[in-house]
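The following exchange asks on what grounds each term is applied to the structure shown here.

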Amino acid sequence: MSAASRDSARETAPARPSGAARPFGRPFSRVAVVGAGTMGHGIAQAAAMAGYPTALHDAGEAELRRGMVRIAATLDKGVALGKVAEAAREAALSRLRAARRLEEAVQEADLVIEAVPESMELKTAVLRSVAEAVGSVAPATPSKAVLATNTSSLSVGAMADGLPSPDRFLGLHFFNPVHLMALVEVVEGPKTGVETLERCLEFVRDLGKEPIVVADSPGFASSRLGVALGLEAIRMVEAGVASPPDIDKAMELGYRHPMGPLKVTDLVGLDVRLGIARHLHETLSSEAFRPPALLERMVAEGKLGKKSGRGFYDWSGKSAAGDRKSPTRSGTATASRGLS
Ligand SMILES: NC(=O)c1ccc[n+]([C@@H]2O[C@H](COP(=O)([O-])OP(=O)(O)OC[C@H]3O[C@@H](n4cnc5c(N)ncnc54)[C@H](O)[C@@H]3O)[C@@H](O)[C@H]2O)c1
């Protein structure tokens, strides 16, 4: 679709605040989410909170149970903090159901969002099974089921190739944690239909989130820009331009970024960032994405960021506060308390 028709799709999808009256009906009647991990449980929660009957499925029984428990815990916390009304929590939970079998989850859904791990092979296989199972039990609109992927880096067009209706397939890239993050990248594959795009834009707004429309290009908009900034910050640590906290402060105080690029790298995981950098370097043939030697070395040393206790900051809570302003040779400083 051209940029002009994308703009027109954007304009035709009316913006509505989450939970507001819906005089025109909804873009979808039932949602299913496949994969109940970090992202899947959050997406299911957001859909149920917005009023959609939602089924959550995972290949693992324990993972499915954990996903449902995490949703209840997040809603409980929301109630405790006064951000979610008790009645809204109860209503959301009543709209949610855990489905052990994929068919049971998706057969009546007209929007299915996959959130299984980032593997083209796995996602393609899961989406094919979903395409076979949707509409298998006479739903209201069997021919209109839309399939979406929450991939953060893989080609939506390549995934669509194996599907019977590529016009009803696109990317819905949510951000972590889903209940707090307002952005959803709506990734338009080469064959995504205008109606599919419009319905999904409306759905995203229905969740109280802000969509942006992005072409199916490596790194979409968010990862491409975010990783470029993060890699340059790492090169600056390598070159001794400033310490990690000072580089982060440059962006936090100078450009009003809520969090500097090195803290973001620590939170995302240095290994995850390295994987994306390699992918973007290869697919975009741009030197901006060549992984810096420091990043390669830190990953090899197991300094993966917050999850390993050490990255550009020390997340173990063991270092002296004085370390903060003096990065070690690997560029590590002590993390500020507010982030750990
Ligand atoms: N974690 C993030 O910050 C983040 C942010 C944006 C997008 N994403 C993307 O979201 C997707 C999911 O990431 P995640 O972090 O939630 O992963 P995760 O590992 O936390 O969860 C994936 C879940 O999928 C389940 N699963 C695996 N195979 C399955 C199958 N065949 N059928 C059903 N369920 C299956 C797993 O049991 C697991 O519970 C990935 O594509 C990732 O790139 C992740």
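**Grounds for the assignments**

The largest share of the shell around the ligand, 3 residues, comes from α6. The model is predicted, so local features are drawn on at pLDDT of at least 70 and side-chain atom pairs at pLDDT 80 or more, while totals for chains, interfaces and linings use all residues. Numbering runs from 1 along each chain as its sequence is written, and side-chain values rest on heavy atoms, with hydrogens and water left out.

Q: Which elements each supply at least two residues of the shell around the ligand, and what makes a run of residues a helix or a strand?
A: The elements are α2 (38-49), α6 (120-133) and β6 (169-174). Helices are DSSP runs of H or I with at least four residues, strands are runs of E with at least two, and both are numbered from the N terminus. The protein chain has 13 helices and 10 strands.

Q: Which residues come nearest to the ligand, and what makes a residue count as near?
A: A residue is near a molecule or strand if one of its heavy atoms lies within 4 Å of it. Of the 22 residues around the ligand, M39, D58, E118, K123 and S152 come nearest.

Q: How do you know that E118 makes a polar contact with the ligand?
A: The term requires a pair of N or O atoms within 3.5 Å; within protein, one must be able to donate a hydrogen and the other to accept it, and residues adjacent in sequence count only if both atoms are side-chain atoms. A polar side-chain atom of E118 lies 2.5 Å from an oxygen atom of the ligand, so the pair falls within the limit of 3.5 Å. The corresponding value is 2.9 Å for N150 and 2.7 Å for S152. The protein covers 73% of the 830 Å² of accessible area that the ligand has on its own.

Q: What is the accessible area of the protein chain, and how is such an area computed?
A: The protein chain exposes about 15700 Å², of which carbon and sulfur atoms supply 54%. Accessible areas come from the Shrake-Rupley method with a 1.4 Å probe, and for residues only the protein chains shown count as cover.

Q: Why is V268 called partly exposed?
A: Buried means under 20% relative accessible area, exposed over 50%, and partly exposed in between (1.4 Å probe, protein chains only). V268 has 35% relative accessibility and therefore counts as partly exposed. V268 belongs to helix α11 (residues 261-268).

Q: Which residues of α11 are buried, and what covers them?
A: The buried residues of α11 are P261, L262, K263, T265 and D266. Their cover includes α9 (222-238), α10 (244-254), α12 (270-284) and β9 (313-314). In the protein chain, buried residues make up 48% of the 340 residues.

Q: What makes R273 and K307 contacts of V268?
A: Contact means heavy atoms within 4.5 Å. V268 is in contact with R273 and K307 when its neighbours within four places in sequence are left aside. The C-alpha atoms of V268 and G305, 37 residues apart along the chain, are separated by 7.6 Å.

Q: Which residues does E210 touch, not counting residues up to four places away in sequence?
A: E210, found in strand β8 (residues 210-215), touches A182, L183, V184 and V204.

Q: Why is R256 called exposed, and what is notable about its phi?
A: R256 has 75% relative accessibility and so counts as exposed. Its phi is near 60°, a positive value in a residue other than glycine. Most residues other than glycine have a negative phi, and most peptide bonds are trans. R256 is found in the loop between α10 and α11.

Q: Why is S285 called exposed, and where is it found?
A: S285 is exposed because its relative accessible area is 64%. S285 is found in the loop between α12 and α13 (293-300), and its phi, near 45°, is likewise positive in a residue other than glycine.

Q: How do you know that the peptide bond from N176 to P177 is cis?
A: The omega of that bond is near 0°. P177 lies in the loop between β6 and β7 (183-188).
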